[in-house]
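Dear colleague,

I am handing over a structure to you with this email, and below it I set out what was found. Please keep the model open while you read.

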Amino acid sequence: MAGLLALSRTIDRVNEFIGKWVSWLILLAILVSAGNAVIRKAFDISSNAWLELQWYLFGAAFMLAAAYTLKQNDHIRIDIVYGMFSRRVQHWIDLLGHLFFLMPFVTLMVIYFVPYVSLSFRSGEMSNNSGGLIIWPAKAILLVGFFLLALQGISEIIKKIAIMRGDMDDPNPFISAHEQAELEAKALAEEAKALAQEVRP
């Protein structure tokens, strides 16, 4: 198990590094969008390439950060039923979900996208829009994103098994929406109390 946990930590570090750095692509997409708008209004000049570049940047940030989001356990989930079970049952739900839903899906996506990207690259596929960009980098981003998500899925499966065996602590203890609201309310009340004491003469 020690070797598998070492592999899991390596995958986590790689996806954390990528996830944190690609967040800057959102800022770059905003700057491209703003610059394009200013140039279009001021000089009546525009290009589909600028619009497509915005889509590429946003798509890259979304896809390349998906694995990091899974690592942080921040994907959207409906916990109305999930929160009713014990933490051990929740671990089983997560493990089976990763094994039978996440991994088959991302594996199929990787298998599907390899020839899809290869064909696009070999043909030099271009956008159908006038002045648009080449297409294969966007398709390659999809492939890389699903590959990283598959790796993170493997890491999460390893960690779930280790947690259930007692080989490691739970890095993401579950907090229900109700408990989260209570914690936030308590934190706000403490901040208000501290602020009131500072203002009091």
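Please bear in mind that this is a predicted model. Helix H2 is a good place to begin, because with 6 residues H2 gives the most to a nonpolar patch, helices being counted as DSSP runs of at least four residues. That patch lies on the surface and is formed by Phe17, Trp21, Trp24, Ile26, Leu27, Leu28, Ile30, Leu31, Phe58 and Phe62, which together have about 1100 Å² of accessible area. The elements that give two or more residues to it are helix H1 (2-22), helix H2 (24-43) and helix H3 (48-64).

One member of the patch, Leu31, is placed in helix H2, and Leu31 counts as exposed because its relative accessibility is 53%, where exposed means over 50%.

The UniProt record, in an unreviewed entry, places the feature "transmembrane region" at residues 21-43, 55-71, 92-114 and 134-155. In the model, residues 21-43 are 96% helix and 0% strand, with their end C-alpha atoms 33 Å apart, while residues 55-71 are 94% helix and 0% strand, with end C-alpha atoms that lie 25 Å apart.

As for the whole protein, it has 7 helices and 0 strands, and its radius of gyration is 22 Å, whereas a compact globule of 201 residues would have one near 17 Å. The C-alpha trace spans about 60 × 55 × 30 Å along its principal axes. Of the 201 residues, 30% count as buried, and the protein exposes about 13200 Å², of which carbon and sulfur atoms supply 70%.

With best wishes

Methods. Residues are numbered from 1 along each chain as its sequence is written. This is a predicted model: local features need pLDDT of at least 70, side-chain atom pairs count only at pLDDT 80 or more; totals for chains, interfaces and linings use all residues. Side-chain values use heavy atoms; hydrogens and water are left out. UniProt positions are given in the numbering used here, feature names are shortened, and annotations may be inferred rather than shown by experiment. Patches are made of residues with over 30% relative accessible area and no salt bridge: like charges are joined within 9 Å, nonpolar side chains (Val, Leu, Ile, Met, Phe, Trp, Tyr) within 5 Å. Accessible areas come from the Shrake-Rupley method with a 1.4 Å probe; for residues, only the protein chains shown count as cover. A salt bridge is a side-chain nitrogen of Lys or Arg within 4 Å of a carboxyl oxygen of Asp or Glu. Buried means under 20% relative accessible area, exposed over 50%, partly exposed in between (1.4 Å probe, protein chains only). The radius of gyration is taken over C-alpha atoms; the globule rule is 2.2 Å times the number of residues to the power 0.38.
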